[in-house]
Amino acid sequence: MATTETKTTYIGSPVERKEDARLLRGDTRWVDNMTLPGMLWLAVVRSPYAHAKIKKVDVSRALEAEGVVAAFSGAELADEWAGSLPCAWPVTGDCRIPMHRPLATDKARYAGDGVAVVVAESRALAKDAAELVDVDYEPLPVVTDVEEALAESAPLVHDEYDGNRAYTWTLQAGEIDTLFSEAAVTVKERYRQQRLIPNAIEPRSVLVQPTPATGEFTMWSATQVPHIARVTLSGTTGIPETKLRVIAPDVGGGFGSKLNVYAEEALCLLLARRLGLPVKWTEERSENYVATIHGRDMIQEIELAATQEGKITAVRTRLTAAMGAYMQLVSPGIPLLGAWLYAGCYDVQGYDFECVGVFTNTTPTDAYRGAGRPEATYAIERTVDALARKLGKDPVEIRRLNFISEFPATLASGLEIDSGNFHASLDKALELAGYDDLRREQAERRKRGDTKQLGIGFSTYVEMCGLAPSRILGAIRYGAGGWDAATVRCLPTGTVQVLIGTSPHGQGHVTTFSQIVADQLGVPIENVEVLHGDTTVIPLGMDTYGSRSLAVGGVALYHATEKVIAKARRIVSHQLEVAEDDLEYASGRFTVKGTDRSMAVTDAALAAWTAHNLPDGLEPGLEDTYVYDPPNFSWPGGCHIAVVEIDTETGAVELARYVAVDDVGTVINPMIVDGQVQGGIAQGVAQALYEEAVYDEEGNLVTGSMVNYLVPSAVELPNFELDRTESPSPTNPMGVKGVGETGTIASTAAVMNAVVDGLAPFDVTDVDMPAKPERVWTAIQEGRR
Ligand code: MCN
């Protein structure tokens, strides 16, 4: 029986994060702080060339260096790998997934590609010795540009293929040609999604402890995906899954970059096995820039067909997406996470999507916050503004005309939006922003030729997250399921232990999942203990990415509490000698209807533990597990409005105001949700205005450190003005949707639409991202001419 009558006290409250006191005290377990007896350090020798034949690797000088225990070239270890580093998403039957050994053997394919490894008694000694490894390279021609890589004359990143095209993936629906030929208006735009470099506060770090007597290995890794790492690294190293325990202890951010299985993890495992001693590696920040995956890097061509009134009838999109030099865990699928979203939250009849994945001599790309969905939102939101400009309409008007307004709604691209209310979030955002006043102010500044022009930009978005129904993931060839699991264990002392398969790295799961359990079982929140990120303690799990932890893991947890309550009901009915139906349940207590006789779930837990007086045949203990496979993605949406001030003399853009009204269904913890939205917006603004990975012609990463890769800080950002609408998801009993990526998905488009809107007096219709002063100033000069 559902416990909908349960009085909620924690859910919906801004409960302080249980995680924070420990984090603030420094009472934490980061992998890099861990030391084990006899521990060795690993250093990777990386190619300085973006493309080069490896003619010879000589590790003899390194082997003679102080404290060095072992050194190997990629070729020397080649036969020890049981398989490639994993790529779990072959998006088409003919998708090219080249062999990807943890160290390159024949040629280096990007600057930073590992070619040899050194193991020594300390980090410094390993690093020093790595510099003594002699590698004889024969530099080869380089291609870093995704479109140039498709040219017939382009250098081949992988010689075994006849070109750099990795796959072509398409999706069509409706009478697309007819809709375009009959359209009164069409607009066609081309956008560049620049390459981005994730910067988690904690760099990647791995420590492997072997137990030679049993053949077991424990790997601590700063990863988002301990469960996926365990399965896939077993394939790469040949260590049986049953002998490999992966622990993600405290993890300091990931933003998708730690949703991966990396060479250094495999190397630490292999060398710990060979040497019989613990081996550790911690990434330096400069290594993070070349050896951790990058995000975005694609060219988008998008075309809308519309009526004279501005009703969009069809959308056609062509993507050319860089994979980089190899396929990492989910590289091929990342651009396709946006494949269904290129019509945004608009009701269209025709849909035509194509994505070509391309190898280049660059660091592999993979999931970076939003992964495919910020790109899609950017393209459609920018193009809707272009349509509004062409028709001389207000961008608000054109959006209203096209919104999907009935739910559930089947998109032209085929998926179903569970619930939403795009008009409501737009209305609320307009009111918060004071839209009419902003337009008035803008008009006045334009009239007086103010050197500080105002730009107002919208992004009304919908996204699919909560990855996801296993059947759909299977249909799109994703290599794993989308379920997640939770166990709820009521201990005799009144404590409730939760074992959850998701793996937080900053999202506050311990708090929000405690809130769910505390309300469901009526225990104080302090009495809930949430365990995560250890494949031995929690064998079932699919980890954290795609804003799935609440909408999948949290819902599994809710169902597990329901199972526990159902068992407790049997125990209580037996103990109080009444029929189960005569018991009412609320806030952790069963009461016999119409009386004051009652018993708490925690008392049932004690009774289940002593097992002195249980119904015949009932197993002792009060614990249950639920594995939840959602029937649909979850579909957050909303409206973001950016207001920028553009200095027309310098081209500097300042984000003056930012209003966000999001709809993430039922909210468990409004403070945590606000924090997620704020962080997400900051990351999207960073793409619009600041961040850009740049390679030179030889494939050197020019923006190889924080000195020249501009990660914004709080100083560059205004206080965000946040609000919400709430359309509970009908597909899960709590009505929740994900929030971890909404801010990033919505904000880049809002800011760039604001920049272009501010530059309208100069006839500027596009500026490449990031809209840095030089680009904006140049656009103004060209516009003036
Ligand atoms: N939540 C809530 N009510 C909702 C939705 C969510 O209270 N309606 C809470 C959840 O219970 C959880 C948090 O908000 O505590 C985020 O939930 P969810 O949207 O399920 O996202 P995940 O926990 O799965 O986190 C993944 C998501 C992604 S994909 C990226 S990228 C990202 C992000 O989270 N990376 C982050 N947020 C991050 N935050 C930090 N600090 N660091 C990162 O690396």
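This briefing covers the ligand site, one helix and several backbone features of the structure above. The model is predicted. The ligand has 31 residues around it, and the protein buries 95% of the 850 Å² that the ligand exposes when taken alone. Helix 17 gives the most residues to the shell around the ligand. Elsewhere, two cis peptide bonds come before Pro408 and Pro770, and positive phi values occur at Arg296 and Asp543.

**Ligand shell**

- Gln507, His509, Ser549, Gln676 and Val739 come nearest to the ligand among the 31 residues around it.
- By residue class, the shell holds nine nonpolar, 18 polar and four charged residues.
- Which elements give two or more residues to the shell around the ligand? They are helix 14 (509–521), helix 15 (549–576) and helix 17 (670–689).
- Helix 17 gives three residues, the most of any element.

**Polar contacts to the ligand**

- Gln676 places a polar side-chain atom 2.6 Å from a nitrogen atom of the ligand.
- Gln676 is also one of the residues that come nearest to the ligand.
- Phe255 uses its backbone: an N or O atom there lies 2.9 Å from a ligand oxygen atom.
- Lys737 also contributes a backbone N or O atom, 3.2 Å from a nitrogen atom of the ligand.
- Taken alone, the ligand exposes 850 Å², and the protein buries 95% of that area.

**Helix 11 (residues 422–433)**

- Helix 11 has twelve residues, so at 1.5 Å a residue it should span 16 Å.
- The expected span is 1.5 Å times one less than the number of residues.
- The end C-alpha atoms of helix 11 are 16 Å apart, which agrees with that span.
- Its buried residues are Phe422, Ser425, Leu426, Ala429, Leu430 and Ala433.
- These buried residues cover an arc of only 135° around the axis, so they sit on the same side of helix 11.

**Cis peptide bonds**

- Most peptide bonds are trans.
- The bond from Phe407 to Pro408 is cis, with omega near -5°.
- Pro408 sits in the loop between helix 10 (395–402) and strand 16 (409–410).
- Met769 and Pro770 are also joined by a cis peptide bond, with omega about -10°.
- Pro770 belongs to the loop between helix 18 (742–758) and helix 19 (773–784).

**Positive phi values**

- Most residues other than glycine have a negative phi.
- Arg296 has a positive phi, near 60°, and is not a glycine.
- Where is Arg296 found? It is in strand 13 (residues 295–306).
- Arg296 counts as buried because its relative accessibility is 6%, and the cut-off for buried is under 20%.
- Asp543 is not a glycine either, and its phi is positive at about 75°.
- The loop between strand 21 (528–532) and helix 15 holds Asp543.
- Is Asp543 buried or exposed? At 0% relative accessibility, Asp543 counts as buried.

**Thr223 and its loop**

- Thr223 lies in the loop between strand 10 (216–221) and helix 6 (226–237).
- With 1% relative accessibility, Thr223 counts as buried.
- A polar atom of the Thr223 side chain lies 2.9 Å from the backbone nitrogen of Val225.

Definitions and conventions
Residues are numbered from 1 along each chain as its sequence is written. This is a predicted model: local features need pLDDT of at least 70, side-chain atom pairs count only at pLDDT 80 or more; totals for chains, interfaces and linings use all residues. Side-chain values use heavy atoms; hydrogens and water are left out. A residue is near a molecule or strand if one of its heavy atoms lies within 4 Å of it. A polar contact is a pair of N or O atoms within 3.5 Å; within protein, one must be able to donate a hydrogen and the other to accept it, and residues adjacent in sequence count only if both atoms are side-chain atoms. Accessible areas come from the Shrake-Rupley method with a 1.4 Å probe; for residues, only the protein chains shown count as cover. Helices (H or I, at least four residues) and strands (E, at least two) are DSSP runs, numbered from the N terminus. Ala, Val, Leu, Ile, Met, Phe, Trp, Tyr, Cys and Pro count as nonpolar, Asp, Glu, Lys and Arg as charged, and the others, Gly among them, as polar. Buried means under 20% relative accessible area, exposed over 50%, partly exposed in between (1.4 Å probe, protein chains only). The arc is that of the directions from the helix axis to the C-beta atoms.
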